[in-house]
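Visitor: I am new to this structure and would be grateful for a close look at one part of it. Please take a single residue and describe its surroundings, and then say a little about the cysteines.

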Amino acid sequence: MKNKVLQNELINLLGNRCSLSESVRLNYSKGEDVFDPKLSQAVVFPETNEEISLIVKLCNKFKTPIISFGTGTSLEGNVVGNTDGITLSLEKMNKVISINSKDFDCRVQACVTRKQLNEELKDKGLFFPIDPGADASIGGMTATSASGTMAVKYGTMKTIVCGLTIILASGEIIKTGTRTKKTAAGYNLTNLFVGSEGTLGIISEIHLRLSPIPESIMSAVCQFNSLESVILTAQEIIQYGIPIARIEMLNKYQMELSIKYSNLENFHSKPTLFFEFHGSESSNKESIDIVESLSKNNNGGEFKWADSTEERNKLWQARHDAYYAVKSQGNNARVYVTDICVPISNLVESIKFAEEEIKKFGIKAPMVGHVGDGNFHVAIMYDPEKKESYDIIRGFSDKLIQKALNLEGTITGEHGVGIQKKEYLLKQHPDNISIMKGIKKVLDPNNIMNPGKIFDL
């Protein structure tokens with residue numbers, strides 16, 4: 001480690017929970033992104049807020065960058081290491097602190113994962129509804145303002161995070177928010193940190209609103225002959241105000257990959273919608289009748305129902321594994337993933353545009369989408385040894401992003417900015433960047449918190 005004084009201080013504080021090993025540093029050098037690994041000088045494993053505070057004070061004193069790391073599932077370079085800094089892994093902070101069943105809320109440490117939390121909640125009749133494909137940490141999901149397949153009904157992390165514990169660059173530990181349903185007390189600091197990607201402070205605890213497990217959960221799949229019919233159906237379902245919990249799109253190529261990877265039986269490589277309904281049996285039946293009618297009007301096939309919990313879980317696991325289905329196609333390949341989000345009325349136009357550009361660029365591009373909220377993803381596998389392949393994909397991404405902005409959409413619905421979308425953020429918010437930088441400079445004057453992510457100072 002370059003700074004021997006800092007190294008000794010960290011070892012004195014943490015002992016063997018400060019690792020200088022190259023293999024450990026490599027394991028914490030990046031997420032599920034397209035970037036080359038960058039090894040930080042050390043990886044530290046704190047166990048308490050107070051330890052994080054002491055680590056941050058030391059790094060601030062020596063102006064040493066800190067990258068906070070959860071489960072490493074981010075896709076835009078959000079946790080790529082810093083060769084002059086340290087990586088702070090939160091993996092030992094993985095406890096559910098409290099569950100308040102009567103008020104439908106809980107408090108967790110940052111590296112509790114979504115599956116872990118739902119396992120602890122299931123016997124209390126509650127669940128945590130935000131479900132990105134990976135078994136991500138709650139802290140990481142908060143830092144990137146994640147969402148997932150159920151956002152159409154339950155919202156995003158910004159919707160359900162009601163309070164945080166944060167360690168600022170100064171080492172100060174602050175708590176934001178409240179357990180109450182609403183508050184009008186001062187600035188909304190909680191949502192300032194949701195989506196900040198570790199650039200303003202380290203999120204160590206999260207207070208979450210929970211949802212009751214529905215009386216009836218029903219899942220189905222409907223296949224179509226064209227992607228346009230799929231999107232029109234989804235758009236009409238939302239515009240009719242039908243209370244659907246999940247409505248997910250997979251294009252023809254993604255279905256082909258998912259059928260093989262997830263062993264889906266009795267399905268074809270066709271544009272597909274996955275549906276899920278949450279509610280009472282009577283309300284679900286009413287919603288299903290309308291959705292089936294709308295699907296048939298758009299030439300959809302017969303609904304195939306998941307008749308058991310096991311079948312339903314297999315269906316949604318296949319949807320969550322879409323990225324891994326793409327990745328499985330090549331041993332040394334990387335997957336460039338981009339996501340945009342547009343107003344629901346512009347979804348047909350944006351996806352048609354994406355399909356046309358995919359053909360023009362001559363690339364194979366599986367597409368999946370949380371089409372109930374106007375968000376979709378394009379995942380493209382390429383050989384990192386062939387720079388021209390990356391340039392072609394980036395050219396496609398540039399056009400898709402510009403189309404999203406022309407349609408009053410956003411450059412990212414849920415992945416965040418990281419490194420990959422910094423130049424796109426300048427396009428979306430040219431008049432906001434100076435304010436964002438001003439906030440960063442006030443909270444982190446030495447620029448130690450995940451520097452180089454979201455924007456450059």
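**Glutamate 414 and its surroundings**

Guide: E414 has a relative accessibility of 10%, so this residue counts as buried. The model in view is a predicted one. As for its place along the chain, E414 lies in a loop, with α15 (387-406) on one side and α16 (422-428) on the other.

Several parts of the sequence meet at this residue. Apart from neighbours within four places in sequence, E414 is in contact with T144, S145, A146, S147 and G148, and also with D339, H370, N375 and H377. Two of these partners are joined to E414 through side chains. The side chain of S147 makes a polar contact with that of E414 at 2.4 Å, and the side chain of H370 makes another at 2.7 Å. G155 offers a further view of the fold: 259 residues separate G155 from E414 in sequence, yet their C-alpha atoms are 11 Å apart in space.

The cysteines may be considered next. A disulfide is a covalent bond between the sulfur atoms of two cysteines. The structure holds zero disulfides. C59, for example, takes part in none, and the nearest cysteine sulfur, belonging to C18, is 9.6 Å away. C59 counts as buried because its relative accessibility is 0%. For C162, the closest cysteine sulfur is in C106, at 8.4 Å; this is too far for a bond, since a disulfide requires the sulfur atoms to be within 2.5 Å. C162 is likewise buried, because its relative accessible area is 7%.

Notes: Residues are numbered from 1 along each chain as its sequence is written. This is a predicted model: local features need pLDDT of at least 70, side-chain atom pairs count only at pLDDT 80 or more; totals for chains, interfaces and linings use all residues. Side-chain values use heavy atoms; hydrogens and water are left out. Helices (H or I, at least four residues) and strands (E, at least two) are DSSP runs, numbered from the N terminus. Buried means under 20% relative accessible area, exposed over 50%, partly exposed in between (1.4 Å probe, protein chains only). Contact means heavy atoms within 4.5 Å. A polar contact is a pair of N or O atoms within 3.5 Å; within protein, one must be able to donate a hydrogen and the other to accept it, and residues adjacent in sequence count only if both atoms are side-chain atoms.
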